2 protein chains.
Amino acid sequence: MDVQRLELLRELAERGSVTAVALATHRTPSAVSQQLKVLEREAGLPLTKRSGRGLVLTDAGRALAASATDIAVALERATAVWDTFRNRATGDVSLVTFPTAGQMLLPGALQDLAGHDGLAVHCTDMDPELSDFPALTSEYDIVLAHSMRGQHTWGGRGLTSVPLMTEPLDVGLPTGHRLAGRVSLGAGDVVGETWIGVPVGYPFGRILHDIELQTGSRARVTQRFADMRLIESFIMAGLGIALVPRYTSSGDQPGRMVLKPLRGLDAERQIVALMRPDRAERLAVRTVVDALRARAAQVQAEHAAAAG
Amino acid sequence: MDVQRLELLRELAERGSVTAVALATHRTPSAVSQQLKVLEREAGLPLTKRSGRGLVLTDAGRALAASATDIAVALERATAVWDTFRNRATGDVSLVTFPTAGQMLLPGALQDLAGHDGLAVHCTDMDPELSDFPALTSEYDIVLAHSMRGQHTWGGRGLTSVPLMTEPLDVGLPTGHRLAGRVSLGAGDVVGETWIGVPVGYPFGRILHDIELQTGSRARVTQRFADMRLIESFIMAGLGIALVPRYTSSGDQPGRMVLKPLRGLDAERQIVALMRPDRAERLAVRTVVDALRARAAQVQAEHAAAAG
DNA sequence: GTGACTATGTAGTCTGGCTTCATGGATGTA
DNA sequence: TACATCCATGAAGCCAGACTACATAGTCAC
């Protein structure tokens, strides 16, 4: 029962093909195939079976791959123990974010982490619509994902998810708007407005849908944009109103735009760090996640102070 | 962070010397030393330091050895998973027992296990006085140990302990004895008798001591024997009375010996299976322990039925 | 000091996982 | 139907890394 081989099986379970595993582990497909064969001989019963030109795991294979994860977790926990002993989080940490969260959290978090010598954080961004968050965890140590309450629960696929912050979604209005004087808005106040929406399939979409459900009337959506800056520019130009995440947007722009909280609606999104459980144990990874969480708390505190 | 190397470190933590580890793992001391050196280079700080002619672990070394145990546990749990998949507990299981428990549990348990092809149980016995039960766990998969309540708690050293049974300690009397008609006996009834004791240091000794404490008078111990058969023969010859474990002894011998329960005293011993946590995870080991536990329950049930 | 014991360094062997190259099955396309 | 393509896998050879055997150095008991 060699750990390396089990690791290969686990990769196969995640990536689905020998070639993909070989690519990811810097080996030739032949090497991977050979090791899997050895593992199968040791196990005493078939772990994979051919399906078309590829191959799929058997039930036994999946079971074994699952326990391989437990081993990987124990292993990473062990290395975390002595990383703690040396008081040093070192190594490379890769991170992928969707643009708004990155803009809000990353600059500050990386500044906070500047003191850690030997800790290198490599960041990328990716369009939230195009990306399957869970799938990204095999390529990146940390995946910043967002989800609406009650929607996907990422934990299901055996992933570790650390909540970073809960961000309310407000209604952005141009300064001169008839509702700009209100403290907060209900569904009935806004359903008749001209809306700037997000592309179909984006998670925010659900809130506008909720507004329609609550009022029984249909919202008029004229434009659909993914980029928040673009949306804000339309709001300020008086072309419509839109849902904007409170911390990520430019916020109240004196003389141009104001943000008003929605009441009576579940208008907030969760921002979480999504990780493979073994990688979540690495001290370096945990250090970065802690920095992100601290940063998120700070952002929330600053906004609370500004509002109060 | 190679698992094999960590395993070596763990063995070193348990056995205390490179030579002992080499012996136990069928390697030369040089090989062990080299691997530990590599591990230390990888870890980046000293894990061992010389002390006299031997060497001892540093704090960091101990910490790392501890997490090596977690890895070993995860590994054994993984192999148990696919052993379960194959529905087969196979392999060798070694067991050491003290004589009385072995006589009571092993024959029945091994008969119950006869159906398991490929499962080989190797048993040995060892004098309970001479043996340091926890230390034996590095040599044997299962160590049958006994303890009085409130005495050693074996779990402390990071070992897994599974309770098998609680065995009451009765007073054995010759049939013609003046107390032979009683249902149960108190400390005052027996303290004046001639006792056949156990060698100094044996756990039972505490109970006679308790009797002395309760009554304030001193018990007269004329002989001290370790072997239960020997003790029984003395009882039956009318040479004294003694504490005998209820299930392990020959029991009531019509016309020769009767057993009377003690009241008002904590007169019982725990019989437990003691194991290294990783070995406790092996399906084969668990199967044997389960058989032992079933057997123990059966023994207790039979006695309860006979008494009722 | 001497002998017995410890750990460890050096040189050489050999196992085991890798790469390269080649084969065979499955799929989609001309 | 034939061909190109993409998969997994087999055979041969290479090479790192873990081992053994032997030698060395430090520590303890007498």
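These legends describe close-up views of a predicted model with protein chains A and B and DNA strands C and D.

**View 1. The surface near DNA strand C.**
DNA strand C is surrounded by 22 residues. The closest are A:Arg27, A:Thr28, B:Val18, B:Thr19 and B:Arg53. Chain A and chain B both appear in that list. Sort the surface by residue class and it holds four nonpolar, twelve polar and six charged residues. On the DNA side, take the atoms of strand C that lie within 4 Å of the protein. Of these, 73% belong to sugar or phosphate, and the rest belong to bases.

**View 2. The elements that face DNA strand C.**
Four elements each supply at least two residues of the surface near DNA strand C. Chain A offers helix 3 (29-43). Chain B offers helix 2 (18-24), helix 3 (29-43) and strand 2 (54-57). Helix 3 of chain B gives the largest share, with five residues.

**View 3. Side chains at the backbone of DNA strand C.**
Three side chains are picked out here, from A:Arg5, B:Lys37 and B:Arg50. A polar side-chain atom of A:Arg5 lies 3.3 Å from a phosphate oxygen of strand C. From chain B, an N or O atom in the side chain of B:Lys37 is also 3.3 Å from a phosphate oxygen of this strand. B:Arg50 meets another kind of atom: an N or O atom of its side chain is 3.4 Å from a sugar or linking oxygen of strand C.

**View 4. The surface near DNA strand D.**
Turn now to DNA strand D, which 21 residues surround. A:Val18, A:Thr19, A:Ser30, B:Arg27 and B:Thr28 are the closest. Sugar and phosphate make up 75% of the strand D atoms that come within 4 Å of the protein. The protein surface here has four nonpolar, eleven polar and six charged residues.

**View 5. Side chains and elements at DNA strand D.**
One side chain in this view reaches a base: a polar side-chain atom of A:Gln34 lies 3.5 Å from a base nitrogen of strand D. An N or O atom in the side chain of A:Arg50 is 3.4 Å from a sugar or linking oxygen of the strand. For B:Arg27, a side-chain N or O atom is 2.2 Å from a phosphate oxygen of strand D. Helix 2 (18-24) and helix 3 of chain A, along with helix 3 of chain B, are the elements that give two or more residues to this surface. The largest share, five residues, comes from helix 3 of chain A.

**View 6. The interface of chain A and chain B.**
Here 21 residues of chain B are in contact with 21 residues of chain A. The area buried between the two chains is about 1800 Å². Carbon and sulfur atoms give 84% of that area. B:Met1, B:Trp82 and B:Phe85 supply 28% of the area that chain B buries against chain A, more than any other three residues. How many salt bridges cross the interface of chain B and chain A? The count is zero. Polar contact across the interface comes down to one residue pair, with both residues at pLDDT 80 or more.

**View 7. The side of chain B that touches chain A.**
Helix 3 and helix 4 (59-86) of chain B each supply at least two residues of this side. Helix 4 gives the most, with 15 residues. By class, this side of chain B divides into 14 nonpolar, three polar and four charged residues.

**View 8. The annotated domain of chain A.**
Residues 1-58 of chain A carry the UniProt annotation "domain: HTH lysR-type", which comes from an unreviewed entry. Over these residues the chain is 60% helix and 14% strand. The end C-alpha atoms of the stretch are 18 Å apart.

**View 9. A salt bridge within helix 1 of chain A.**
A:Arg10 forms a salt bridge with A:Glu7. Their closest N and O atoms are 2.5 Å apart. Both residues lie in helix 1 (residues 3-15) of chain A. They are three residues apart, about one turn of the helix. A search of the whole structure finds 45 salt bridges over all chains.

Definitions and conventions. Residues are numbered from 1 along each chain as its sequence is written. Chains are lettered from A and ligands numbered from 1 in the order in which they are written. This is a predicted model: local features need pLDDT of at least 70, side-chain atom pairs count only at pLDDT 80 or more; totals for chains, interfaces and linings use all residues. Side-chain values use heavy atoms; hydrogens and water are left out. A residue is near a molecule or strand if one of its heavy atoms lies within 4 Å of it. A polar contact is a pair of N or O atoms within 3.5 Å; within protein, one must be able to donate a hydrogen and the other to accept it, and residues adjacent in sequence count only if both atoms are side-chain atoms. Ala, Val, Leu, Ile, Met, Phe, Trp, Tyr, Cys and Pro count as nonpolar, Asp, Glu, Lys and Arg as charged, and the others, Gly among them, as polar. UniProt positions are given in the numbering used here, feature names are shortened, and annotations may be inferred rather than shown by experiment. Contact means heavy atoms within 4.5 Å. Buried area is the accessible area (1.4 Å probe) that two parts lose on being put together, summed over both. A salt bridge is a side-chain nitrogen of Lys or Arg within 4 Å of a carboxyl oxygen of Asp or Glu.
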